[in-house]
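Trainee: Could you take me through the largest nonpolar core and the parts around it? I would like the details in one go.

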Amino acid sequence: MTSERTEAPYMPYMRTQRSLQGVQVSASRRSGTTDELGPDEPERAGPEDKGTENAEGSVNSVDPMDSGGSDLLAALLDGMDAALCAFDGDGVVTHWNREAERILGWTAEEAVGRRGFAGWAVRTADAEEVEGRLMAAMHAPGRQVHEFALVTKDGGRVLVRTQSAAVRGPDGKPAGLYCAFSEVHAQIDLERSIALSEALFEDASWGVVLVDADLRPAVVNAHAARALGIGRTTVLGRPLGELLAQGVEEVESALTHVLAEGAPPAPAEIWVGVRTPDGEKRRCWRSGFLRLASPLAEEPVPLGVGWLFQDITEAKQSEQEAALLRFRVNQLHRAARAAAECEDPGEAATVHLDFALAGFADHALIDRVAGGSLADGEGPARLVRAAATPSGSPGPSQLAGHAGLPVRYGQGHPALQCVERAGSVRASAGTATPEAARDWATGRQWPPDAVHALCAVLRSRGRTLGVVTFLRGAGRTQFERADAVYAEDVAVRIAAALDLETLERSSE
């Protein structure tokens, strides 16, 4: 093949070969492979269509000039995303679209009519091999995929992936071929994008949910389905309210914001309630959101939101527990320093009580054993109120019990159990109604808004001095084992102050 322009041979061919349709670039085929299925099946020919499809899958030529479709065909070729050129049986370029011009820089006027690629689109040294592999597609079934280095108009080189197939004439014999090509890096980018999406929805170690514009899941990966406790297909199209027991408002608000404003600058930590066979469980999901827009529209059209999340419940709980522990240690340290400045040991005991209340309980009581102390095995105990926090508005603890009258605790009261066991006792009204919870608190001589209680024994020098009781309202959770440990630390300090007060009185 030479590089001279020959106008005459290609003109008749232009009128008979402009019906190239169904060009499809496969990004997943390797160089040199053959697609035995041939091009995609074209639409069935209508009464006015004169083109037919032969047994090998190639498209026979029609005369678009007869149907007035030449302008339409030219527009279709120029609007393709893939570069396309076509050759007649002698290897003369007959078609050259705008994408081919964009990639190589050669215009259609400069390319059409040239024989082969030698000397202009391919280096002379490579021309024989390249054109031989291209023209071989006319006699091979299906599509042929290769990679070539083509030359641009300004002298540069571009590595392209080509897909070639024969174009047959009315007699079924090869009349030419078409070659669709694109830059290899664009194909690699496409393959990476496809591989990434497949990996996200199959092997990702975090949840991925694609939510449509109606805030309903459209695609869910396996990890997200397990986190939601439901099958991948069952979750599709269902409102989020049916999938989450808690946190629905937060998630929907985030999705709506992303649809309107775009992705947030940082991940968000959202607490949700997930229904499981063992009941509802609270989970913390660190979530990232991406707005999805159609790449085919001139202006961004929102297709939905990509929601990626990872369960960080255990890490979050550990973080919260560590922060709480640091706070409580700091409170104990501050209380010890403040109590050391009190001349009255009884006042020092109330200082410890006030510092312990911060972030821990709503009310607190100190009940001392009548007579000062109680040895192990002695009983029953009678308790006298020594100090208490105000039952109305919050304020510092106040010393009480100067008259020495015992508190009217009934049998089995948690404070009495605490003295008998010399250990902590927890009690709660549970899920009782507000009226029942009020009766439960007042019946135990506690403020009426108390719902949860924790009693810690006051011990010093091997003897029981009394009980400190911490009370929580309905807005707080029940006391846990970690809370009991903290209450016992506070009780040790209060007991030391009360024991010192007893020693001072006995020495007077």
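Mentor: What follows starts with the core and ends with two loop residues. This is a predicted model, in which local features need pLDDT of at least 70 and side-chain atom pairs count only at pLDDT 80 or more, while totals for chains, interfaces and linings use all residues. Residues are numbered from 1 along each chain as its sequence is written, and side-chain values use heavy atoms, with hydrogens and water left out.

The largest nonpolar core (buried Ala, Val, Leu, Ile, Met, Phe, Trp, Tyr and Cys residues joined through side-chain atoms within 4.5 Å) has 31 residues, and F360, I366, L458, V468, F470 and I494 touch the most other members. At least two residues each come from α10 (313–340), α11 (345–357), β13 (363–369), β14 (383–388), β17 (452–460), β18 (463–472) and α14 (481–507). These helices (H or I, at least four residues) and strands (E, at least two) are DSSP runs, numbered from the N terminus. The most is given by α14, with nine residues.

Beyond its neighbours within four places in sequence, V468 has contacts (heavy atoms within 4.5 Å) with L353, L365, I366, L454, C455, A456, L458, A491 and I494. Another core, of 28 residues, lies apart from the largest one; L104, V112, A121 and L150 are among its members.

Now the loops. R461 sits between β17 and β18, with phi near 55°. Its relative accessibility is 61%, so R461 counts as exposed (over 50%; buried is under 20% and partly exposed in between, with a 1.4 Å probe and protein chains only). A422, in the loop between α12 (414–421) and β16 (425–428), also has a positive phi, near 55°. A422 is partly exposed because its relative accessibility is 37%. Most residues other than glycine have a negative phi.
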